[in-house]
Amino acid sequence: MSGRTTVLKPPEGAMAPVRHPDAPAPGELLGAHYDQCFGCGEQSGGLRLRVRAGEGVGLTAEFTVDAAHQGAPGLAHGGVLTAALDETLGSLNWLQRVIAVTGRLETDFVRPVPVGTVLHLEARVTAVHGRKIYCAATGRIGGPEGPVAVRAEALFIEVRVDHFIKNGRSEEINAALADPDQVKVARAFEVNP
Ligand SMILES: CCCCCCCCCCCCCCCC(=O)SCCNC(=O)CCNC(=O)[C@H](O)C(C)(C)COP(=O)(O)OP(=O)(O)OC[C@H]1O[C@@H](n2cnc3c(N)ncnc32)[C@H](O)[C@@H]1OP(=O)(O)O
């Protein structure tokens, strides 16, 4: 796509993404990866994104823009829309059973998105090269087949659980480590990839 930085173009030798055999079935709702997550958790003012597994290494998500998400009066803030794209793209990792963080994310804002709108998101991994995961997403308004309002391309980088343990504030890390279910998911990805 014109205007994109070259780092978002998969290099020669990049591979097609592989859906993990234990990935959630198409149509299955993916739960929050962390209940305090701004994107998929339940906290007030958050995005409360609902993500469903799709076919291949793809998925869909819905984000309802509410008054807490405004930039201009009655319109969604661009950074909030980018966060919705980021969260949707990050959820793709669950289909590959890897843990990865956003390295680069480029967003096109095509149409303004009014408060009250349901943003219908769709994302897919396009290529993988070593730890680098290339992916793309769109957000449509007026229905899943409606016009594109936002779109993004991104590069995620695979990391180990240690990335969070080393860098996260100890208060939240200790609470997460004390929650066996949360850690079980993260460990399962690493021990049994
Ligand atoms: C108890 C705990 C439970 C935890 C349970 C799991 C929870 C799972 C939560 C997931 C959450 C998701 C939420 C939504 C997604 C976010 O929003 S994630 C948050 C936003 N992102 C970040 O905070 C990332 C901050 N950045 C970093 O930490 C580091 O820069 C990175 C990305 C880990 C890379 O550092 P690194 O591992 O040292 O990698 P490095 O060797 O520099 O680079 C590797 C390759 O990537 C390329 N690369 C790296 N950065 C970039 C970049 N910015 N642009 C272009 N290329 C890049 C390099 O050029 C290199 O390429 P090659 O030489 O291999 O061709």
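Let's start with the neighbours of Asn 93: leaving aside residues up to four places away in sequence, Asn 93 touches Val 98, Ala 100, Ile 133 and Phe 156. Keep in mind that this is a predicted model.

Where does Asn 93 sit? Asn 93 lies in helix 2, which covers residues 93-96. And is Asn 93 buried or exposed? Its relative accessible area is 2%, and since buried means under 20%, Asn 93 counts as buried. There is also a polar detail to look for on your screen: the side chain of Asn 93 reaches the backbone oxygen of Gly 90, at 2.9 Å.

Now please turn to Phe 38. You'll find Phe 38 in the loop between strand 1 (29-30) and strand 2 (50-53). How much of Phe 38 is accessible? Its relative accessible area is 37%. Partly exposed covers values between 20% and 50%, so Phe 38 is called partly exposed.

What does Phe 38 touch? Again not counting residues up to four places away in sequence, its contacts are Gln 43, Gly 45, Gly 46, Leu 47, Arg 48 and Ala 83. You can also try a distance yourself: from C-alpha to C-alpha, Phe 38 and Leu 49 are 9.0 Å apart in space, with their positions 11 residues apart in sequence.

Last stop, the annotation. An unreviewed UniProt entry places the feature "domain: Thioesterase" at residues 74-140. In this model, the span 74-140 is 27% helix and 46% strand, and its end C-alpha atoms lie 18 Å apart.

Key. Residues numbered from 1 in each chain as written. Predicted model: local features only at pLDDT ≥ 70, side-chain atom pairs only at ≥ 80, totals over all residues. Heavy atoms only, no water. Helix = DSSP H or I, 4+ residues; strand = E, 2+ residues; numbered from the N terminus. Buried < 20%, exposed > 50% of the residue type's maximum accessible area, 1.4 Å probe, protein only. Polar contact = N/O pair within 3.5 Å; in protein donor to acceptor, adjacent residues only side chain to side chain. Contact = heavy atoms within 4.5 Å. UniProt positions renumbered as here; feature names shortened; annotations may be inferred.
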